[in-house]
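I opened this entry to record what I looked up in one chain, in the order that I looked. My notes follow the structure.

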Amino acid sequence: MTLTDGHSMTEVCERVESDACTGYVSRAFDAIQIIGGVNYCLPEDVTTSQLANIVKNYLDNDPLELSFPGASIVMFALIKAFPCQGEQ
């Protein structure tokens, strides 16, 4: 299954095994890290399961963004959840 947008992510993260959701979030996070230039400050001890839960909550709370690409949603969720000092 391809997770192309927030609608697909919501379906996978809520109706299918959460491992698929966690795996997608983890791969998107790795790609975002490689590209760089994104302004969020993650705690050192954050886990991929926690990241997946943050993305799930973001999908639930920001339904207007469900048409965005999945990787963008991961990025936006992390920026919102982990703003850097002074950017809150």
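I started with Phe76, which is partly exposed, with a relative accessible area of 29%. I noted before going further that the model is a predicted one.

**Entry: the Phe76 ring**

I asked which residue forms an aromatic pair with Phe76. Searching the whole structure gave me two aromatic pairs. I took the pair of Phe29 and Tyr40 before the other: the ring centres are 6.5 Å apart and the planes stand at 35°. I logged this pair as tilted, because an angle under 30 degrees would count as stacked and one over 60 as edge-to-face. Phe29 belongs to helix α2 (residues 18-35) and Tyr40 to the loop between α2 and α3, so the pair ties together parts eleven residues apart in sequence. Phe29 and Tyr40 are both buried.

The other pair answers my question: Phe76 pairs with Phe68, edge-to-face, with 5.9 Å from centre to centre and 70° between the planes. I then checked Phe68 and found it partly exposed, at 32% relative accessibility.

**Entry: Glu65 and Asp5**

I came to Glu65 by way of Phe76, since Phe76 is one of the residues that Glu65 touches. Tyr58 and Ile73 are also touched by Glu65, leaving aside residues up to four places away in sequence. I placed Glu65 in the loop between α3 (48-61) and α4 (70-81). Glu65 has a relative accessible area of 22% and is partly exposed.

How far apart in space are Glu65 and Asp5? I read 8.9 Å from C-alpha to C-alpha, for a separation of 60 residues in sequence.

Asp5 sits in the segment before α1 (6-15). Is Asp5 buried or exposed? I found it buried, because its relative accessible area is 18% and the cut-off for buried is under 20%. I wrote down two backbone nitrogens that the side chain of Asp5 reaches: that of His7 at 3.1 Å and that of Ser8 at 2.9 Å. I also listed what Asp5 touches, again without residues up to four places away in sequence: Leu66, Ser67, Phe68, Pro69, Gly70 and Ile73. Phe68 in that list is the ring partner of Phe76, and Ile73 is touched by Glu65 too.

**Entry: the chain as a whole**

I stepped back to count elements. The chain has four helices and zero strands, and their order from the N terminus is α-α-α-α. Of its 88 residues, 38% count as buried. Among contacts with a separation of 6 or more, I found that 65% are between residues 24 or more positions apart.

**Entry: α2 against α4**

Next I looked at how the helices pack. Two packed helices are described by the angle between their axes and the distance between the axes. For α2 and α4, the axes come within 9 Å and cross at roughly 80°. I therefore put α2 down as roughly perpendicular to α4. On the α2 side the contact is made by Tyr24, Val25, Ala28, Phe29 and Ile32, and on the α4 side by Gly70, Ala71, Val74, Met75 and Leu78. I sorted the residues of this contact into nine nonpolar, one polar and no charged.

I added a note on Ala31, which is found in helix α2. Ala31 is partly exposed, with a relative accessible area of 35%. The C-alpha atoms of Ala31 and Ala71 are separated by 8.5 Å, with the two positions 40 residues apart along the chain counted as their separation.

**Entry: α2 against α3**

What is the crossing angle of the axes of α2 and α3? I read roughly 95°, with the axes coming within 9 Å. The two helices are therefore roughly perpendicular to each other. From α2, I listed Ser18, Cys21, Thr22, Val25, Ser26 and Phe29; they meet Thr48, Ser49, Leu51, Ala52, Val55 and Lys56 in α3. This contact divides into six nonpolar, five polar and one charged. I noted that Val25 and Phe29 are among the α2 residues listed here and also in the contact with α4.

My last look was at Ser49, in helix α3. Ser49 is partly exposed, with a relative accessible area of 42%. Between the C-alpha atoms of Ser49 and Gly23 I read 9.1 Å, for residues 26 apart along the chain.

Note on methods
Residues are numbered from 1 along each chain as its sequence is written. Side-chain values use heavy atoms; hydrogens and water are left out. Buried means under 20% relative accessible area, exposed over 50%, partly exposed in between (1.4 Å probe, protein chains only). Contact means heavy atoms within 4.5 Å. A polar contact is a pair of N or O atoms within 3.5 Å; within protein, one must be able to donate a hydrogen and the other to accept it, and residues adjacent in sequence count only if both atoms are side-chain atoms. Rings of Phe, Tyr and Trp (its six-membered ring) pair if their centres lie within 6.5 Å; planes under 30 degrees apart count as stacked, over 60 as edge-to-face and the rest as tilted. Axes are lines fitted to C-alpha atoms, for helices over the stretch in contact, and angles run from 0 to 180 degrees between N-to-C directions. Angles under 35 degrees count as roughly parallel, over 145 as roughly antiparallel, 65 to 115 as roughly perpendicular and the rest as oblique. Ala, Val, Leu, Ile, Met, Phe, Trp, Tyr, Cys and Pro count as nonpolar, Asp, Glu, Lys and Arg as charged, and the others, Gly among them, as polar.
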